[in-house]
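Visitor: Before we go through the labels on this model, may I see it?
Guide: Here it is.

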Amino acid sequence: MGYANSSMVTYTKLSPNHSGQRTHSIDRITPHCVVGQCSVETLGNIFLPASKQASCNYGIGVDGRVGMYVEEKNRSWCSSSNSNDQRAVTIECASDTKSPYAFKDVVYQTLIKLCVDICKRNGKKKLLWLGDKDKTLSYAPKSDEMVLTVHRWFANKSCPGDWLYARLGDLAEKVTAQLGGSSSGTGTTTSPMYRVRKSWSDSKSQKGAYKILSNAKKCADANPGYSVFDVNGVNIYTSKTTATEVPSLVKVSITDLNIRKGPGTDYAKTGKFTGKGVFTIVEMKSGKGSTAGWGRLKSGAGWISLDYCKKI
Ligand SMILES: [Zn+2]
């Protein structure tokens, strides 16, 4: 397929900083944050000197206009990765100078349109955000798929900034919708989701997936040993209640600790108390009325609140 440039471009200042024609067809888009609310003209001046050794295919200025600095057919010097930039259209977007490097809404809306345009001209019906670096870099896109990648995977940078990073699922969804494609079927398009699991690799342990972080944290808190993971599998929160290995020995220092028929204050009392002493717990569960969870006594007498136990 022949390469073309976007008709959305209203300002062109070609940079000498590129490698000539791509060696790989376009199947990625890599949006960046400029770290400055600048215009397309300023971007043009930044990438003009050969000494800068950097460029991008397109830039979106703070007012939403689109500039071109390296023609789409050529490999720009943008993402600190030869293999990425050979196949990616790179887009620098005007952003705040401080984390999370937020974009103006007009810039984000233009980015959506520009991605749609790039996908259309390159025969793509879907824009995918797989969220995970390893998964993405090893993914072989189908002929009608375009894949989002980010600079932070190739260099010690926060680019494209947490603001855009959190919206890449949204960007992929909106672009795919405008292309008339469906994001179902691949099972790979994800909106930002917080997953509660024992560990990222243990997907079977998943208790739930939440759009709202505080809800994910609540779920983790209710499940000792569970953590909240972001779309990249980064552990961003571990429940305050820690997992206790069972069987384990606990010490009870109060005389009137109720033994219940199940793990929670919503289960009936057996009418018995542990009394002071050391007990063996053979199972742990989260449940109503106890922050630390509930432990089942080896004796078979029932369950006790671990809030009143000290692990020994
Ligand atoms: Zn970047």
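**Labels and their cut-offs**

Visitor: Why does glutamate 145 count as buried?
Guide: Its relative accessibility is 0%. Buried means under 20% relative accessible area, exposed over 50%, and partly exposed in between, with a 1.4 Å probe and protein chains only, so glutamate 145 falls in the buried class.

Visitor: What kind of model is this?
Guide: The model is predicted: local features need pLDDT of at least 70, side-chain atom pairs count only at pLDDT 80 or more, and totals for chains, interfaces and linings use all residues. Residues are numbered from 1 along each chain as its sequence is written, and side-chain values use heavy atoms, with hydrogens and water left out.

Visitor: How do you know that lysine 142 and glutamate 145 form a salt bridge?
Guide: The N to O distance between their side chains is 3.6 Å. A salt bridge needs a side-chain nitrogen of Lys or Arg within 4 Å of a carboxyl oxygen of Asp or Glu, so this pair qualifies. Lysine 142 has a relative accessible area of 48% and is therefore partly exposed, whereas glutamate 145 is buried.

Visitor: How many salt bridges does a search of the whole structure find?
Guide: The search finds 12. One of them joins arginine 87 and aspartate 27, with 2.8 Å between the closest N and O atoms. Arginine 87 is in helix α2 (residues 82-87) and aspartate 27 in the loop between β2 (18-21) and β3 (28-33), so the pair links distant parts of the chain, 60 residues apart. Both of these residues are buried.

Visitor: What makes something a helix or a strand here?
Guide: Both are DSSP runs numbered from the N terminus: helices are H or I over at least four residues, strands E over at least two.

Visitor: What is the N to O distance between glutamate 41 and arginine 65?
Guide: Their side chains meet at 2.9 Å in a salt bridge. Glutamate 41 belongs to helix α1 (residues 40-47) and arginine 65 to the loop between β4 (58-60) and β5 (66-68), so the contact ties together parts 24 residues apart in sequence. Their relative accessibilities are 27% for glutamate 41 and 31% for arginine 65, so each counts as partly exposed.

Visitor: Why are β3 and β9 called paired strands?
Guide: Two strands pair if DSSP finds at least two bridges between them. β3 and β9 (residues 145-148) have 2 bridges in the parallel sense, so the condition is met. Arginine 28 stands opposite valine 147 in β9.

Visitor: In what order do the strands of the 7-stranded open sheet lie?
Guide: The order is β1-β5-β4-β7-β3-β9-β8, with mixed pairing. β1 and β8 (126-128) are edge strands, since each pairs on one side only.

Visitor: What about the open sheet of 4 strands?
Guide: Its order is β11-β10-β12-β13, and its pairing is antiparallel. The edge strands are β11 (208-210) and β13 (235-238). Between β12 (residues 227-229) and β13 there are 3 bridges, with serine 227 opposite threonine 238.

Visitor: What makes an atom a donor of the zinc ion?
Guide: Donors are N, O and S atoms within 2.8 Å of the metal (3.2 Å for Na, K and Ca); water is not among the atoms, so sites may look incomplete. His32 (ND1), His151 (ND1) and Cys159 (SG) lie 2.1 to 2.3 Å from the zinc ion, so they pass. Their spacing in sequence is H-x118-H-x7-C. Histidine 151, at 4% relative accessibility, counts as buried, and cysteine 159 is buried at 7%.

Visitor: How many disulfides are there?
Guide: The count is 0. For cysteine 38, the nearest cysteine sulfur is that of cysteine 56, 9.6 Å away. A disulfide requires two cysteine sulfur atoms within 2.5 Å, so cysteine 38 is in none. Cysteine 38 is buried, at 11%.

Visitor: Where do the domain bounds come from?
Guide: They come from an automatic or database domain assignment. The protein chain is divided into domain 1 (9-179), domain 2 (194-238) and domain 3 (248-311). The centres of domain 1 and domain 3, taken over C-alpha atoms, are 57 Å apart.
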